[in-house]
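Biologist: Please take a close look at one buried tyrosine and its surroundings, and then relate that part to the rest of the chain. I should like each term to be stated with its cut-offs.

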Amino acid sequence: MKVLFMLQLVCLAGCSTSRGREWAHHGAPMFSDLTVQEMKVIRTYMHGIPEMKLTDARSKTLRRNSILLMELHLPKKHEALKALDRGWAKPPRQARVIIQFGNQTKPNITEYIVGPLPSPRSHKVRTFKGEKPVQFESRPITVVEYDHLENLLKKIAAQAHKLLFETTGGFSYTNCSNRCLTFSDIAPRGLAPGERRTWIMLQKFVEGYFIHPIGFEVLVNHQDLDPDKWTVEKVWYNSMYFDSVEELVEKYKSGEVEKLKLPDHNDEDLYSTYIPRGHSHTPTNIHGPKLVEPQGHRYYIDRNFVEYAGWSFAYRVRSSAGLQVFDLRYNGERIAYEISLQEAIAFYAGDTPAAMQTKYIDAGWAMGTSTYELAPGIDCPEIATFIDLYHYFDTDKPLLHKNALCIFEMTTAMPLRRHFNSNFQGGYNFFGGLENTVLVLRTTSTVYNYDYIWDFLFYPNGVVEVKVSATGYIHATFFTPNGLHYGTKVYDYVLGNLHTHLIHYKVDLDIA
């Protein structure tokens, strides 16, 4: 009887573990990103609603109604748990769709919850606390608006062509071949509600142009939906403010403005390239260490469901925010319902107007869609599994981001734990050591100058590590003597601005 009873307990425990694994696998698709087909049917459904009068996102007018973003709308947690913990049917999939209504008497931004997928039949407005509307002027900037800004900058640069050409060593904004100027725009776009005024700074368009400012910044008012009514409100040049481009040009001609002479660089001595410089005693003609998997992967992937060394989880890459993990379990026990990247913010100091106003809130730049292709052997080991992503932001069709996420196992070159027990006579009583390997889930976000590398790391001892590594280029502005109060001189006429990074995660622990 005792033997039979023990066998029953073993069966119950084994069956429970197996059932839990099946339910986790069953529920994982609730958190998977929208598929290409789902994006297409959502667009067709929304464009089929006559009163919305939706047009293409890339039509040249700003007075249009168009879809800005669509992404998965997560199910309510209590409904998701029924599928994850009891094996019940998954709740219907829904999408979050943001629409810019610019072709209205009072333009606005409206969010909708659309479903059920894959055959949407309904949509409802998503409201927020206090039911405060999102001001239309606060919308993210789009490719079409950038095109109109580009046209205005061409006119501005044409007016100031002589100044720009003489001070940069022959760089110009148009008809420039390999000596062109480009621009960077700053956010927030105003200091009060309802404003849409952007400081824009010009830079040399060379590799690493982020650290090639030329000391020319303009404040453009682009609040009106008619680009012909946009105006230049201020100009800043070499620590001096002007009310117009014309005023700067006149004072430059008369000698009232100091004529800068920025250092010239050829391709061989360009300080901002990624070409290694200097001498190294380490041979570069032989390979460094490489990861190998002698018998193949030890992890399992089925769409967005992953298992490894007792771990299981579902993942998504949210278009607005980035990498997120759900239903994180260790040995069948849920550790966290959700650990998700939500936001990355950078606050800057500076002496130039563009620098002092820079406060980047990266989800507003669709940080999650900045997941570009990962390079094997550099961004991820060659042995990694590379996964394509699709996003729908400021577009009229789903956009493929090839090999934008990778999953791989690596050694840490450090034992998980070990002990050498000496007998103090030249030998030992016993030794024990455990190899430490870790599974890495990785993607990147290149939000303008920064490259954020986002990692989730899963250790065999039940530890999960959430990690971000920042690389890329600094956000630099033109050096002024007073700028040393707000940063460090990193090159001639280049200031590395003091700034703070804030990375925000949502952590919903479900322990015991």
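**The setting of Tyr337**

Modeller: Leaving aside residues up to four places away in sequence, Tyr337 is in contact (heavy atoms within 4.5 Å) with Phe31, Pro75, Lys77, Ala80, Leu81, Leu84, Val325, Phe326, Asp327, Asp508 and Asp510. The model is predicted, with local features requiring pLDDT of at least 70 and side-chain atom pairs pLDDT 80 or more, while totals for chains, interfaces and linings use all residues. Numbering runs from 1 along each chain as its sequence is written, and side-chain values rest on heavy atoms, without hydrogens or water.

The residue itself belongs to strand β14, which covers residues 333-348. Helices (H or I, at least four residues) and strands (E, at least two) are DSSP runs numbered from the N terminus. Tyr337 has a relative accessible area of 4% and therefore counts as buried (under 20%, with a 1.4 Å probe and protein chains only). A point of reference for its position is Glu409: the two residues are 72 apart in sequence, and their C-alpha atoms lie 23 Å apart in space.

Several of the contact partners of Tyr337, among them Pro75, Lys77, Ala80, Leu81 and Leu84, have numbers that fall within residues 53-122, the stretch for which the unreviewed UniProt entry gives the annotation "domain: Copper amine oxidase N2-terminal". Such an annotation may be inferred rather than shown by experiment. Over residues 53-122 the chain is 14% helix and 41% strand, and the C-alpha atoms at the two ends of this stretch are 17 Å apart.

A second buried residue, Ile42, also touches this annotated stretch. Ile42 sits in helix α2 and has a relative accessibility of 0%, so it too counts as buried. Beyond residues up to four places away in sequence, Ile42 touches Leu34, Met70, Ala95, Val97, Leu117 and Pro120. As a reference for its place in the chain, Tyr493 is 451 residues away in sequence from Ile42, and the C-alpha atoms of the two are separated by 50 Å.

Helix α2 and Leu34 also lead to the second largest pocket. A pocket here is an open set of points on a 1 Å grid over the protein atoms alone, where a 1.4 Å probe fits, with protein on both sides within 12 Å along at least five of seven lines; lining residues have an atom within 4 Å of a point. The second largest pocket has 18 lining residues, and those nearest its centre are Ser32, Asp33, Leu34, Thr35 and Asn304. Two or more lining residues come from each of α2 (36-47), β12 (311-318) and β16 (385-393). Of these elements, β16 gives the most to the lining, with five residues.

Turning to the whole chain, the model contains seven helices and 26 strands. The C-alpha trace spans about 105 × 75 × 35 Å along its principal axes. Like Tyr337 and Ile42, 46% of the 512 residues of the protein chain count as buried. Among contacts between residues at least 6 apart in sequence, 58% join residues at least 24 apart. The contact of Tyr337 with Phe31, and likewise that with Asp508, can be read against this background.

Technical notes
Buried means under 20% relative accessible area, exposed over 50%, partly exposed in between (1.4 Å probe, protein chains only).
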